[in-house]
Structures are given as structure tokens and as C-alpha cells.
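Got your viewer open? Let's take a walk through this model, one selection at a time.

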Amino acid sequence: MFPEKVYYEPDALSYDLGKMLREKFGGSPWIPIESHNKIDELRTQPNSAFRDLKRLLIVGVRKTHRYVPNTKTSDFLVPYTSSGCSASCLYCYLVCNYNKCAYLRLFVNREEMLDKLEKTARKSERELTFEIGSNSDLVLENTITHNLEWTIERFASQEKGFLTFPTKFNMVGPLLPLEHRGRVVFRMSVNPQEIIRTIELGTSPLEQRVEALNQMAEAGYRVGMLIAPILLVENWKPQYLELLDFLEAKLSDRVKRSVGIEVIFMTYSYVHRAINSEAFPKGSDLYDPERMTGRGRGKYCYRPDVRNEAEAFLRREIEKRFGAKSILYIV
Ligand code: SF4
């Protein structure tokens, strides 16, 4: 059952979304908390409880709305209607921020957040792009809150700015008929199916992700694709070749004509290792002492020589299938 329990800030119940969630999940126990940032009985759980913590839902009011400048596919990373996620990718970057409390938190003050976004877009002399999905997976969140549907239609009704978000989920049906007016860039994240099955736990299979990307392009959305994170597992070359062949065969011409591809190598950390070894003792160990090196503050990345070789290989194979202009960046 999801959610097994709901921890909530009582203030959240004075918002429409808070009331809707209370009704929707009335069958689960609701436990009042002072702040979604400091739930001591959850923070003090052992690492082995990570999977159980992912079955909880936290409902609160977002108080910090600080935009972080970005130079990749957007101008700003914007904290939006959720953080954390109920899936369990073993490398999830959110674990670096939230440690084992990377569970799904929903923020009910969406009007306040979208008002600020629209105002910032209107005031700017140039068209700004806002990344609203860097803290969670909004397509997954949308199955609970319908926030993405509400956001896309309301944002697109104004004349300035673009929204963008990545996802590893395929539940795009409710987004297809929306009046997005070309103001949304939908980005699908992909990886070889074997990596999805064993490491991106709880996310959508590759075939369904590709289908969703085709559908979104067909519905007129601007689209992008992330091949991310690149995991240099034992047989990574044949796995990524198979992925690229699959994408070449299954992506629609419409996607292939316009898609920009982001390629991101995995960063791992001491915290991931500690949590994964206790929460998923039979799971794959992503730390590879032969291929990885320290990167300060308890983080690991692939050694420069290993990474450079892999980058050259991937660049060549992607360009062969999708053209040199398809790659936006490789990091
Ligand atoms: S889907 Fe995204 S946010 Fe959710 S666990 Fe995986 S990487 Fe983290």
C-alpha cells in the first residue's frame, strides 16, 4: 500500500491540494509534524530502513524558493511541487541531499510557486527556461497530485518562458491533450533495460519510456533525451550499443529530427554505498575501485582515462545514429 503513512504539517491542510490529499489518502494513518525537514523519528532510522521510508508520504508547505542559475538545458533550477521520489534508483542524486530521507515530499502551495515562476518569466527581457524537475520526478508525482497538468496549462497561457523537466516514467497520458503551446520541453531519461531492471528500481521499462517520448513529440511538445547516468558496469559496451540500436529503431522520425541528447556519467558517493549495502544487500555494488576515483567530499566518479575512453566511444556511436548535432553535452 502507498502511502503506508502520511507525515504532514498541519498548515498544509488549509490549502486545496492538502485537503485533496487528506481525502485521497484518508485510509492511511496521518501523523502531524512540525517541519518536513526535520522528522526525527525518520532521520534516526537505520540505513536498512531506506526501502520502508520510500513507502511514506510527506505533505508540507515549501518555504524556500531560491532559484539556482544553470547553464545546461535551462537558465534556472527551480524548487517546485515535490522533492524526493518513491522509486529507488541505486545512484539517485537526491540521496546526496536528503540521505535516507529521500522519500516523496509534496508541497501544497503550488499557486505561490507558479506565481513566482510566471512573474520571473514575464519580467525577463529574454525568454527564460526553468528546470522544474531537478528535485523529484514530476511525471510520477503527477499521478498523485495532477500538478503537472495544472502547471503546464497555466504556464503556457502566458506569453513568456519555457518549462522543462526530465523523467524516468511513462505515465504521460494526461499530458498529451494539454494546451502546452510549445512552452514545455519534455526530457526522457533512458538507460539499457538491464540497468533499468537491476538498478533503476521502481521506474518504467525502457520500451514504455520510448513510447512515451514518441507520444509527447506527436502531441507537439518539444522533446529531449538523457542517456543518464552512464554506468560503466562489466559489459557496458554491448549494453549501450544495444540501447542505441533500440533507440534508433523505435524512436519516431519526429523525435529523431529534433531531439537533443544529454549524456551524464554517474557520480556515486560514500552515502550511497552505506545505504545501498544495508538496504539492498543483494543489489549491484556500483562502486568500482578499479574504474573510479575520489572526487572530494565523499564522492566518487570514473577515472579520467576510463571516462575519456567511454566518452569517445559513446560520442562516436551516438553520432553514427543521430548525427553530430544531436549531442547537447557530455559530462
Ligand atoms: S526516478 Fe529520479 S528521483 Fe526517483 S529515485 Fe530514480 S533518480 Fe531518484
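**Stop one: the largest pocket**

Start by selecting strand 7 (88-89), helix 4 (94-98), strand 10 (162-167), strand 11 (184-190), strand 13 (222-230), strand 14 (260-265), strand 15 and strand 17: each of them gives at least two residues to the lining of the largest pocket. Keep in mind that this is a predicted model. The largest pocket has a volume of about 1,400 Å³. Its lining counts 49 residues, and Tyr-93, Leu-94, Ser-134, Leu-226 and Ile-264 lie nearest the centre. Colour the lining by class and you'll get 22 nonpolar, 16 polar and eleven charged residues.

**Stop two: the second largest pocket**

Now pick Asn-37, Arg-62, Thr-64, Tyr-98 and Asn-135, the closest to the centre of the second largest pocket among the 14 residues that line it. The volume here is about 330 Å³. Helix 4 and strand 8 each supply at least two lining residues.

**Stop three: a five-stranded sheet**

Stay with strand 8, and show the open sheet of five strands ordered 2-1-3-8-6, where the pairing is mixed. Strand 2 (30-32) and strand 6 (82-83) are the edge strands. Select residues 56-60 and 104-107: these are strand 3 and strand 8, paired in the parallel sense over four bridges. Zoom in on Ile-58, and you'll find Arg-105 as its bridge partner in strand 8. Then add helix 6 (residues 138-145), which packs on the sheet and touches strand 6 and strand 8.

**Last stop: a three-stranded sheet**

Here the order is 15-17-16, with antiparallel pairing in an open sheet. Strand 15 (268-269) and strand 16 (292-294) have a single partner strand each, so one side of each lacks a neighbour in the sheet. Finish at Gly-294: which residue stands opposite in strand 17? Tyr-300 does.

Note on methods:
Residues are numbered from 1 along each chain as its sequence is written. This is a predicted model: local features need pLDDT of at least 70, side-chain atom pairs count only at pLDDT 80 or more; totals for chains, interfaces and linings use all residues. Side-chain values use heavy atoms; hydrogens and water are left out. Two strands pair if DSSP finds at least two bridges between them. Contact means heavy atoms within 4.5 Å. Axes are lines fitted to C-alpha atoms, for helices over the stretch in contact, and angles run from 0 to 180 degrees between N-to-C directions. On a 1 Å grid over the protein atoms alone, a cavity is a set of points where a 1.4 Å probe fits but cannot get out, and a pocket is an open set with protein on both sides within 12 Å along at least five of seven lines; lining residues have an atom within 4 Å of a point. Grid points are joined across faces, edges and corners, and a volume is the space filled by probe spheres set on the points. Ala, Val, Leu, Ile, Met, Phe, Trp, Tyr, Cys and Pro count as nonpolar, Asp, Glu, Lys and Arg as charged, and the others, Gly among them, as polar.
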